[in-house]
Amino acid sequence: MNKELDQEIYQQLKIIAKKLMSNERNNHTLSPTDLVHEAFVKIKFPDNSSIQSDHYVFILARQMRRLLVDYG
């Protein structure tokens, strides 16, 4: 994956994280950026992965939702 695509995926994930966080309590200790980063830490993608970018977004968005459910 190239850096431009990585940046595009990161921005998409931050938008999704902001939407997910909008449904959470106001004094939540995670920020949308924290949520994106935690999802990346939890999911291990192979280095030579042929997963398409929309699959990365789907998998990581699902992981962000799981993190919020587990966090609450």
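**Reading helices, burial and contacts in a three-helix chain**

Q: Let's start small. Where is His-37 found?
A: His-37 sits in helix α2. Keep in mind that this is a predicted model.

Q: Is His-37 buried, partly exposed or exposed?
A: The quantity to read is relative accessible area, where under 20% is buried and over 50% is exposed. His-37 comes out at 39%, so this residue counts as partly exposed.

Q: Which residue does the His-37 side chain join in a polar contact?
A: Tyr-10, with 3.0 Å between the paired atoms. Look at the backbone of that pair too: His-37 and Tyr-10 are 27 residues apart in sequence, yet 9.5 Å apart in space from C-alpha to C-alpha.

Q: Let me zoom out. How many helices and strands are there in the chain?
A: There are 3 helices and 0 strands, and reading along the sequence gives α-α-α. Of the 72 residues, 28% are buried.

Q: What share of the contacts comes from residues 24 or more positions apart?
A: Count only contacts with a separation of 6 or more, and 61% of those link residues 24 or more positions apart.

Q: How do I read the packing of helix α2 and helix α3?
A: In general, you describe two packed helices by the angle between their axes and the distance between those axes. Here, helix α2 (residues 32-42) and helix α3 (residues 53-71) pack at about 105 degrees, and their axes are 9 Å apart. Angles from 65 to 115 degrees count as roughly perpendicular, so α2 is roughly perpendicular to α3. On the α2 side, the contact is made by Leu-35, Val-36, Glu-38, Ala-39, Phe-40 and Lys-42. From α3 come Leu-60, Gln-63, Met-64, Leu-67 and Leu-68.

Q: What does Gln-63 touch, not counting residues up to four places away in sequence?
A: Gln-63 touches Ala-39, Lys-42 and Ile-43. Gln-63 lies in helix α3 and counts as buried because its relative accessibility is 11%.

Q: How about charges? Which side chains meet in a salt bridge?
A: The general idea is that side chains of opposite charge can pair when their charged atoms come close. By the rule used here, the count is 1 salt bridge: Arg-65 with Glu-24, at 3.7 Å from N to O. Arg-65 lies in helix α3 and Glu-24 in the loop between α1 and α2, so the pair ties together parts 41 residues apart in sequence. As for accessibility, Arg-65 is partly exposed at 39% relative accessible area.

Q: Which side chain of opposite charge is nearest to Lys-14?
A: That's Asp-34, 9.4 Å away. Lys-14 is buried but has no salt bridge, because a salt bridge needs the nitrogen and the oxygen within 4 Å. Lys-14 belongs to helix α1, which spans residues 3-22.

Q: Then what does the side chain of Lys-14 make a polar contact with?
A: The partner is the side chain of Thr-33, at 3.2 Å. Setting aside neighbours within four places in sequence, Lys-14 is in contact with Pro-32, Thr-33 and Val-36.

Q: One last case: what is Leu-30 in contact with, leaving aside its neighbours within four places in sequence?
A: Four residues to look for: Met-21, Leu-35, Leu-68 and Tyr-71. Leu-30 is found in the loop between α1 and α2, and with a relative accessible area of 17% Leu-30 is buried. For the pair Leu-30 and Tyr-71, the C-alpha atoms are separated by 9.3 Å, although the two residues are 41 apart along the chain.

Terms used
Residues numbered from 1 in each chain as written. Predicted model: local features only at pLDDT ≥ 70, side-chain atom pairs only at ≥ 80, totals over all residues. Heavy atoms only, no water. Helix = DSSP H or I, 4+ residues; strand = E, 2+ residues; numbered from the N terminus. Buried < 20%, exposed > 50% of the residue type's maximum accessible area, 1.4 Å probe, protein only. Lys, Arg positive; Asp, Glu negative; His and termini not counted. Polar contact = N/O pair within 3.5 Å; in protein donor to acceptor, adjacent residues only side chain to side chain. Contact = heavy atoms within 4.5 Å. Axes fitted to C-alpha atoms, helices over the stretch in contact; angles between N-to-C directions. Parallel < 35°, antiparallel > 145°, perpendicular 65-115°, else oblique.
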